Amino acid sequence: MFISKKSLSRSVHDEHQEQPELVETRGGNLCTSVTVWRKSLIVTCKGFTVIDSNGNLVYRVDTYVGGRPMELVLMDGSGKPILTMRRSTVPLVGTWLIYGGEVGEFCTSEKPVFYVKKSINILNANSNVLAYVYRRSSDRRYAYVIEGSYSHRSCKVLDETKRVVAEIRPKDALKRGISFGLEVFVLIVQAGFDPGYAMGLVLLLDQMFS
């Protein structure tokens with residue numbers, strides 16, 4: 001059973017696979033901007049619904065209500081799995097593994113694309129850091145770092161050179177005078193960084209800090 005989508009978008013097309021639209025920032029840089037709704041389109045599930053600036057459904061997450069899941073699947077608008085995220089079962093505190101597409105039950109033949117580890121402030125001098133993203137579990141140097149405050153929907157994903165590749169902003173920061181609360185916010189992804197991976201990081205931040 002699906003809930004009405006009119007409250008978020010006038011035109012959301014489930015039957016088509018949509019790609020986030022590239023838009024131009026004030027500085028002339030191309031980026032992807034999508035609106036993230038922290039709600040599943042299925043009444044019996046919790047999750048996320050993501051639309052582009054034209055109101056097209058580009059990503060969705062549907063998980064059954066009850067506890068914190070050990071696995072999350074990010075799908076495109078047509079329901080095809082894009083990423084699978086699994087909580088680590090080995091002694092890696094606060095670590096999630098990101099796989100491309102849909103993976104088998106035990107992941108014996110699949111290798112993670114990224115490892116995302118929650119920052120533990122007691123061991124970290126920079127309390128502004130939320131999580132680190134590694135390409136391999138053995139890496140000592142992170143590929144990306146996430147800073148800011150997810151509870152305020154104000155976060156940045158930075159690469160090794162401290163360049164911002166993705167950003168989470170409150171929706172009302174872009175629409176002055178209108179407050180959407182914390183359930184609806186904006187994800188901005190710079191050209192060259194995969195919007196799907198950026199959305200995957202949003203899902204993990206939600207698991208770590210909600």
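What percentage of the 210 residues of the protein count as buried? The value is 46%, where buried means under 20% relative accessible area, exposed means over 50%, and partly exposed lies in between (1.4 Å probe, protein chains only). The model is predicted, so local features need pLDDT of at least 70, side-chain atom pairs count only at pLDDT 80 or more, and totals for chains, interfaces and linings use all residues. Residues are numbered from 1 along each chain as its sequence is written, and side-chain values use heavy atoms, with hydrogens and water left out.

The protein has 13 strands and one helix. Helices (H or I, at least four residues) and strands (E, at least two) are DSSP runs, numbered from the N terminus. Along the sequence the pattern reads β-β-β-β-β-β-β-β-β-β-β-β-β-α. Contacts were taken as heavy atoms within 4.5 Å. Of the contacts with a separation of 6 or more, 36% join residues 24 or more positions apart.

The interior was examined next. A nonpolar core is a set of buried Ala, Val, Leu, Ile, Met, Phe, Trp, Tyr and Cys residues joined through side-chain atoms within 4.5 Å. The largest such core holds 39 residues. M85, I146, L187 and M199 have the most contacts inside it. Helix α1 (residues 195–209) gives this core its largest share, eight residues. A second, separate core has ten residues, including L97, Y99, V129 and Y134.

L187 illustrates the packing in the largest core. Its neighbours within four places in sequence were set aside. L187 then contacts T32, S33, V34 and V36, among others. It also contacts E167 and I168. From helix α1 (residues 195–209), the contacts of L187 include A198, M199 and V202.

Empty space inside the protein was then mapped. Rolling a probe the size of a water molecule over the atoms shows where empty space is left. On a 1 Å grid over the protein atoms alone, a cavity is a set of points where a 1.4 Å probe fits but cannot get out, and lining residues have an atom within 4 Å of a point. Grid points are joined across faces, edges and corners, and a volume is the space filled by probe spheres set on the points. The count comes to one cavity of 30 Å³ or more. The largest cavity has a volume of about 60 Å³.

The lining of the largest cavity comprises I146, C155, K156, V157, A166, E167, I168, L187, A198, L201, V202 and L205. Strands β11 (154–159) and β12 (164–170) and helix α1 each supply at least two of these residues. The largest share, four residues, comes from α1. By class, the lining has ten nonpolar, no polar and two charged residues. Here Ala, Val, Leu, Ile, Met, Phe, Trp, Tyr, Cys and Pro count as nonpolar, Asp, Glu, Lys and Arg as charged, and the others, Gly among them, as polar. I146 and L187 appear in this lining and also among the residues with the most contacts inside the largest core.

Cysteines were checked for pairing. A disulfide is a covalent bond between the sulfur atoms of two cysteines. The criterion was a pair of cysteine sulfur atoms within 2.5 Å. The count comes to zero disulfides. C31 is buried, with a relative accessible area of 2%. C155 is buried as well, at 4%, and lines the largest cavity.

Strand β11 and its flanking loops carry several further features. The loop between β10 (144–149) and β11 contains R153. R153 is not a glycine, yet has a positive phi of about 55 degrees. R153 counts as buried because its relative accessibility is 5%. S151 is found in the loop between β10 and β11. S151 is partly exposed, with a relative accessible area of 40%. The C-alpha atoms of S151 and D206 are separated by 8.7 Å, although the two residues are 55 apart along the chain.

L158 is found in strand β11. At 8% relative accessibility, L158 counts as buried. L158 and E147 are eleven residues apart in sequence and 7.9 Å apart in space, C-alpha to C-alpha. Leaving aside neighbours within four places in sequence, L158 contacts A143, Y144, V145, E147, R163 and V164. The loop between β11 and β12 contains K162. K162 also has a positive phi, of about 70 degrees, although it is not a glycine. K162 is partly exposed, at 45% relative accessible area.

A final position lies in strand β3 (residues 45–51), which contains F48. F48 counts as buried, at 5% relative accessibility. F48 and E183 are 135 residues apart along the chain, and their C-alpha atoms are separated by 9.5 Å.

Definitions and conventions: 1 Å grid on protein atoms, 1.4 Å probe; cavity = no way out; pocket = protein on both sides within 12 Å on 5 of 7 lines; lining within 4 Å.
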